[in-house]
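Here is a short report on one protein chain. Keep the sequence and the 3D view open while reading.

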Amino acid sequence: MKQRILCIAAALLAALALAGCGEAGRPGIGASAKEKAAYALGVLGLEEEAVTSINTQTDRGGFHGDGTLFMEFTFVDDGMEEQISADPAWQPLPPDDTVQALVWGLETAAGSNGPFLADEEGAPLVPPVKKGYYRLIDRQEQTDTPLLERGSFNFTVAVYDAEARVLYFGELDT
């Protein structure tokens, strides 16, 4: 009897430990569009502006929330661009090769790489953007290996289209 209780207690402790391994605050599949928007803007350090529409696409069904979170925000005015352009964490387009590969794919003499933020058919979730800004947040613990050479990905990338006033937000966790 005592051994059975110890086994049950050990199983419960293991389950609690595994449940605590996910990242707190990240919206799951059932989260509302407003919760997802608050999360995305918070991650990017942006204040909420007047939004005309929010489109979300989530595939977070993997172990500990692995999968893709993608959102598209359309803004009423230029307030978001003013915030982004004043933040040194955001870079003006065109993107560097890493962001190009992650978001739209990159063709080189050695072959093609990406896109990694893509739909089921492999098409980029973010349409081409000519004028705007981008931001990459590498959330991987092991950062001594270049992002595109790793066996797994944990990143957040955002692209702001200044002409259309649209912010694209994507996270990939593998």
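The report covers confidence, layout, cores, strand pairing and salt bridges.

**Model and confidence**

This is a predicted model, in which local features need pLDDT of at least 70, side-chain atom pairs count only at pLDDT 80 or more, and totals for chains, interfaces and linings use all residues. Residues are numbered from 1 along each chain as its sequence is written, and side-chain values use heavy atoms, with hydrogens and water left out.

pLDDT is the predictor's confidence in each residue, from 0 to 100. Its mean over the chain is 78. A pLDDT of 70 or more is reached by 75% of the residues. Helix 1 (residues 2-19) has the lowest mean among the elements, 41. Strand 3 (residues 91-92) has the highest, 97. Residues 5-24 stay under 50. The model gives this stretch four contacts (heavy atoms within 4.5 Å) beyond four places in sequence. Residues 60-64 are also below 50, but that stretch has 15 contacts beyond near neighbours in sequence.

**Layout**

Helices (H or I, at least four residues) and strands (E, at least two) are DSSP runs, numbered from the N terminus. The chain has four helices and eight strands. Their order from the N terminus is α-α-β-β-α-β-α-β-β-β-β-β. Take the contacts with a separation of 6 or more: 60% of them join residues 24 or more positions apart.

Buried means under 20% relative accessible area, exposed over 50%, and partly exposed in between (1.4 Å probe, protein chains only). Of the 174 residues, 38% are buried. The chain exposes about 9,900 Å², and carbon and sulfur atoms supply 53% of that area. Accessible areas come from the Shrake-Rupley method with a 1.4 Å probe; for residues, only the protein chains shown count as cover.

**Cores**

A nonpolar core is a set of buried Ala, Val, Leu, Ile, Met, Phe, Trp, Tyr and Cys residues joined through side-chain atoms within 4.5 Å. The largest one holds 20 residues. Within it, Trp 90, Tyr 160 and Leu 167 touch the most other members. Six elements each supply at least two of its residues: helix 2 (33-43), strand 2 (67-75), helix 3 (79-86), strand 6 (132-138), strand 7 (154-161) and strand 8 (166-173). A second, separate core has 19 residues, including Trp 104, Val 129, Tyr 168 and Leu 172.

Helix 2 has Lys 36, Ala 37, Tyr 39, Ala 40 and Leu 41 buried. After this helix comes Gly 45, with a positive phi near 70°.

**Strand 7 and its partners**

Eight of the eight residues of strand 7 are buried, so the strand is largely enclosed by the rest of the structure. In a regular strand the side chains alternate between the two faces of the sheet. One side of strand 7 carries Asn 154, Thr 156, Ala 158 and Tyr 160; the other carries Phe 155, Val 157, Val 159 and Asp 161. Both faces are covered.

Two strands pair if DSSP finds at least two bridges between them. The table lists three pairings.

| Strands | Sense | Bridges | One bridge pair |
|---|---|---|---|
| Strand 6 and strand 7 | antiparallel | seven | Gly 132 and Asp 161 |
| Strand 7 and strand 8 | antiparallel | eight | Tyr 160 and Leu 167 |
| Strand 3 and strand 6 | antiparallel | two | Pro 92 and Tyr 133 |

Strand 7 and strand 8 form a hairpin with four residues between them. Arg 165 in that turn has a positive phi of about 60°. In strand 6, five of the seven residues are buried, so strand 6 too is largely enclosed by the rest of the structure.

**Salt bridges**

A salt bridge is a side-chain nitrogen of Lys or Arg within 4 Å of a carboxyl oxygen of Asp or Glu. How many does this rule give? The count is two.

Arg 165 and Asp 78 meet at 2.8 Å, N to O. Arg 165 sits in the loop between strand 7 and strand 8, and Asp 78 in the loop between strand 2 and helix 3, 87 residues apart. Arg 165 is partly exposed, at 29% relative accessibility. Asp 78 is partly exposed as well, at 32%.

Arg 139 and Glu 171 meet at 4.0 Å, N to O. Arg 139 lies in the loop between strand 6 and strand 7 and Glu 171 in strand 8, so this pair ties together parts 32 residues apart in sequence. Is Glu 171 buried or exposed? Glu 171 is buried, with a relative accessible area of 0%. Arg 139 counts as partly exposed, at 22% relative accessibility.
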